[in-house]
Amino acid sequence: MRLRTPAARFPAAASLVAGLVLTGCTTTQPRPAAPDEVIKAATGRLTDACLTRQGLTPPRPGQSPPPADEQQRVSGALFGTGPAELSVTLPTGHVVRAHTDGCLAAAQQRLYGDQPRWFRTSVIVNNLEPEADRTHRSLAEVRERHRAEIADWRRLRAHALAVATTLLDTPPPTGDPRP
C-alpha cells in the first residue's frame, strides 16, 4: 500500500516541519545561562532595535568601522547627547556621569525599571573596592556602610534578569522590530 499523505510524499519536508514544531519555530540562538550574560544579551537586543528604528546600523565586532560622521550619529543615539543628566560623586573623588536619553538608557529603563536608580546604585556598588582603598577601610566595612545600596542593586538586578529572560524567550512579532 502506498501512502498519499504529504508527509509520505515529501519525507524531508515533513521532517523539517516536525523539527521546527518541536523547536518552537525559532532560529534565534539559545538564551545564555549566566545572569550577567542574559542581561547583556537583552541589552544588546534592545539597543540594536532602538538604533535600527532610527535608521542606524548597530555596530558589530569584526565589522569595518563606518565613516566618522556615521560613528558619531550611532554613538549619540546609543549613549545620548548633550550634558549628562545623571551624576554620582564617589568617595574617591571621581565623578561618574550618564545620559538619560539614548538607546542604552532606554534599555536600562526597560530592564531595571528605574534607570536613574540603577545608574546610581550600580556606580556605587561597582566602586566599593576603590572606596575601601581610598578610605583605608576593609572591604567588609565599606560593604556594611553601603548595605542599602547593595540590597537595592540586588533587587534591581533581579528585576532586570526577569525582564531580560522574558524578552529573550519571547521573539518580537513578525514585522515589528521593537523588542
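## Helix α5 and its surroundings in a predicted model

The buried residues of α5 pack against four helices, namely α3, α4 (68-79), α6 (115-125) and α9. Packing here rests on contact, which means heavy atoms within 4.5 Å, and buried means under 20% relative accessible area, with exposed over 50% and partly exposed in between (1.4 Å probe, protein chains only). The model is predicted, so that local features need pLDDT of at least 70 and side-chain atom pairs count only at pLDDT 80 or more, whereas totals for chains, interfaces and linings use all residues. Residues are numbered from 1 along each chain as its sequence is written, and side-chain values use heavy atoms, with hydrogens and water left out.

The secondary structure of the chain comes to nine helices and two strands, where helices (H or I, at least four residues) and strands (E, at least two) are DSSP runs numbered from the N terminus. In order from the N terminus, the elements run α-α-α-α-β-β-α-α-α-α-α. Of the 179 residues in the chain, 30% are buried, and among the contacts with a separation of 6 or more, 56% are accounted for by residues 24 or more positions apart.

Within α5, the buried residues are C103, A105, A107, Q108, L111 and Y112. The helix is followed by G113, whose phi is positive, near 85°.

Several residues of α5 also take part in a pocket. The second largest pocket has a volume of about 230 Å³, and its lining consists of D36, I39, K40, T43, L104, Q108, Y112, W118, N126, W153 and R157. The elements that give two or more residues to this lining are α3 (35-53), α5 (103-112) and α9 (147-169), and α3 gives the most, with four residues. By type, the lining divides into five nonpolar, three polar and three charged residues; Ala, Val, Leu, Ile, Met, Phe, Trp, Tyr, Cys and Pro count as nonpolar, Asp, Glu, Lys and Arg as charged, and the others, Gly among them, as polar. On a 1 Å grid over the protein atoms alone, a pocket is an open set of points where a 1.4 Å probe fits, with protein on both sides within 12 Å along at least five of seven lines, and lining residues have an atom within 4 Å of a point. Grid points are joined across faces, edges and corners, and a volume is the space filled by probe spheres set on the points.

Aromatic rings recur in this lining. The structure holds two aromatic pairs, and one of them, Y112 with W118, is stacked, at 3.9 Å centre to centre and 10° between the planes. Rings of Phe, Tyr and Trp (its six-membered ring) pair if their centres lie within 6.5 Å, and planes under 30 degrees apart count as stacked, over 60 as edge-to-face and the rest as tilted. Y112 and W118 are both buried, and ring pairs link Y112, W118 and W153 into a cluster.

The two strands, β1 and β2, pair in the antiparallel sense over four bridges, pairing being taken to need at least two bridges found by DSSP between the strands. They form a hairpin with five residues between them, and G93 in the turn has a positive phi of about 95°. L86 stands opposite A98 in β2. Along β1 (residues 86-89) the side chains alternate, with L86 and V88 pointing to one face and buried, while S87 and T89 point to the other face and are not buried.

Four individual residues can be set side by side by their accessibility.

| Residue | Relative accessible area | Class |
|---|---|---|
| E131 | 2% | buried |
| E149 | 15% | buried |
| T100 | 38% | partly exposed |
| H136 | 74% | exposed |

E131 lies in helix α7 and, not counting residues up to four places away in sequence, touches P91, T92, V142, R145 and H146. E149 has its place in helix α9 and, with its neighbours within four places in sequence left aside, is in contact with R120, T121, I124 and V125. T100 lies in the loop between β2 (95-98) and α5, where, with the same neighbours within four places left aside, T100 is in contact with E85, L86, A105 and Q115. T100 and F119 are 19 residues apart in sequence and 9.7 Å apart in space, C-alpha to C-alpha. H136 is found in the loop between α7 (128-135) and α8 (139-145), and the phi of H136 is near 60°, a positive value in a residue other than glycine.
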